[in-house]
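Please study the sequence and the three-dimensional model shown below before attempting the exercises. Each task is followed by a worked solution.

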Amino acid sequence: MTITHTGPLVRPRSVRWIPVPAGTCLYGDARKPRPVPDLLVAETPLTAAHCGAGDTDLPITGISHGDAVGLAAEAGGRLPTSVEWEWIAAGPSRRLYPWGDEPWTPDRALLTGAGQSPRAAQPVGRYPSGATPQGVLDLAGNVWEWTASTAMGLGKIIRGGSYASPPLYAHTTFLNAAPVERRSPGISVRPVRTP
């Protein structure tokens with residue numbers, strides 16, 4: 001089931017914000033140092049319940065980059081930059097996955113592999129063993145997340161992989177991109193804000 005959103009938030013469920021301390025992100029495979037401020041990050045991608053599009057905890061999908069910018073603002077935040085997203089997922093120790101360096105297993109994130117090939121996104125929060133040390137959920141798998149960063153060429157960077165991705169795509173340094181008008185059942189939005 002895909003939940004799409006085309007209008008403003010209506011009676012949104014409150015977003016739970018998780019603090020992530022400032023630091024220097026050694027960004028990407030080149031490990032370029034980039035400063036990141038103190039952040040508050042939504043515990044999960046925005047859901048239908050957050051956006052008044054139903055009572056489910058399915059992530060909002062089928063949204064363009066412009067829709068994602070608007071939804072993040074209505075939730076009280078903005079889209080993270082790609083550097084901020086990587087800092088949230090990898091932390092100062094540069095974890096390979098949000099949960100650490102241990103290989104992916106099906107109990108950590110909704111990805112394709114190890115005999116499973118999910119056909120759609122699932123409600124958020126089902127994989128607590130895949131959380132970051134701060135408790136941020138669903139950064140790997142389930143749905144890609146729009147960022148505010150422009151990709152080389154056209155489009156915007158998306159991060160985290162989706163239900164249709166192999167585990168490699170959920171590495172904290174893996175970059176992908178999508179045209180800003182793309183409305184995919186595998187791309188959602190997770191807002192951040194500065195305290």
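The exercises below treat helices, aromatic rings, a pocket and backbone angles in turn.

This is a predicted model, in which local features need pLDDT of at least 70 and side-chain atom pairs count only at pLDDT 80 or more, while totals for chains, interfaces and linings use all residues. Residues are numbered from 1 along each chain as its sequence is written, and side-chain values use heavy atoms, with hydrogens and water left out.

**Exercise 1. Helix α1**

Task: Determine which residues of helix α1 are buried and what covers them.

Solution. Step 1: Locate the helix. Helices (DSSP runs of H or I, at least four residues) and strands (runs of E, at least two) are numbered from the N terminus, and α1 comprises residues 65-74.

Step 2: Apply the burial classes. Buried means under 20% relative accessible area, exposed over 50%, and partly exposed in between, with a 1.4 Å probe and protein chains only. In α1 the buried residues are His 65, Ala 68, Leu 71 and Ala 72. They lie on the same side of α1, because they cover an arc of only 120 degrees around the axis; the arc is that of the directions from the helix axis to the C-beta atoms.

Step 3: Identify the cover. Contact means heavy atoms within 4.5 Å. The elements covering the buried residues of α1 include β5 (144-150) and β6 (156-159).

Step 4: Inspect the end. Gly 76 follows α1 and has a positive phi, near 100 degrees.

**Exercise 2. Helix α2 and Glu 86**

Task: State how many residues of helix α2 are buried, and describe the surroundings of Glu 86.

Solution. Step 1: In helix α2 (residues 82-90), 9 of the 9 residues are buried, so the helix is largely enclosed by the rest of the structure. Among them are Trp 85, Glu 86 and Trp 87.

Step 2: Glu 86 lies in this helix and has a relative accessible area of 1%.

Step 3: Leaving aside residues up to four places away in sequence, Glu 86 touches Cys 25, Leu 26, Tyr 27, Gly 28, Gly 91, Arg 94, Arg 159, Thr 172 and Thr 173.

Step 4: Just after α2, Gly 91 has a positive phi of about 65 degrees.

**Exercise 3. Aromatic rings**

Task: Find how many aromatic pairs the whole structure contains, and analyse the cluster that includes Trp 144.

Solution. Step 1: Rings of Phe, Tyr and Trp (its six-membered ring) pair if their centres lie within 6.5 Å; planes under 30 degrees apart count as stacked, over 60 as edge-to-face and the rest as tilted. The search finds 4 aromatic pairs.

Step 2: One of these is the tilted pair of Trp 144 and Phe 174, at 6.5 Å centre to centre and 35 degrees between the planes. Trp 144 lies in strand β5 and Phe 174 in the loop between β6 and β7 (176-178), so the pair ties together parts that are 30 residues apart in sequence.

Step 3: The ring centres of Tyr 169 and Phe 174 are 4.6 Å apart and their planes are at 15 degrees, so this pair is stacked.

Step 4: Trp 144, Tyr 169 and Phe 174 thus belong to one aromatic cluster. Trp 144 is buried at 7%, whereas Phe 174 is partly exposed at 22% and Tyr 169 is partly exposed at 32%.

**Exercise 4. The largest pocket**

Task: Name the elements that each supply at least two residues of the lining of the largest pocket.

Solution. Step 1: The lining includes Tyr 27, Lys 32, Arg 34, Val 83, Glu 86 and Phe 174. On a 1 Å grid over the protein atoms alone, a pocket is an open set of points where a 1.4 Å probe fits, with protein on both sides within 12 Å along at least five of seven lines; lining residues have an atom within 4 Å of a point.

Step 2: The elements sought are β3 (32-36) and α2.

**Exercise 5. Positive phi**

Task: Decide whether Ala 114 is buried or exposed.

Solution. Step 1: Ala 114 is found in the loop between α2 and β5, and its phi is positive, about 50 degrees, although it is not a glycine.

Step 2: Ala 114 is exposed, with a relative accessible area of 65%.
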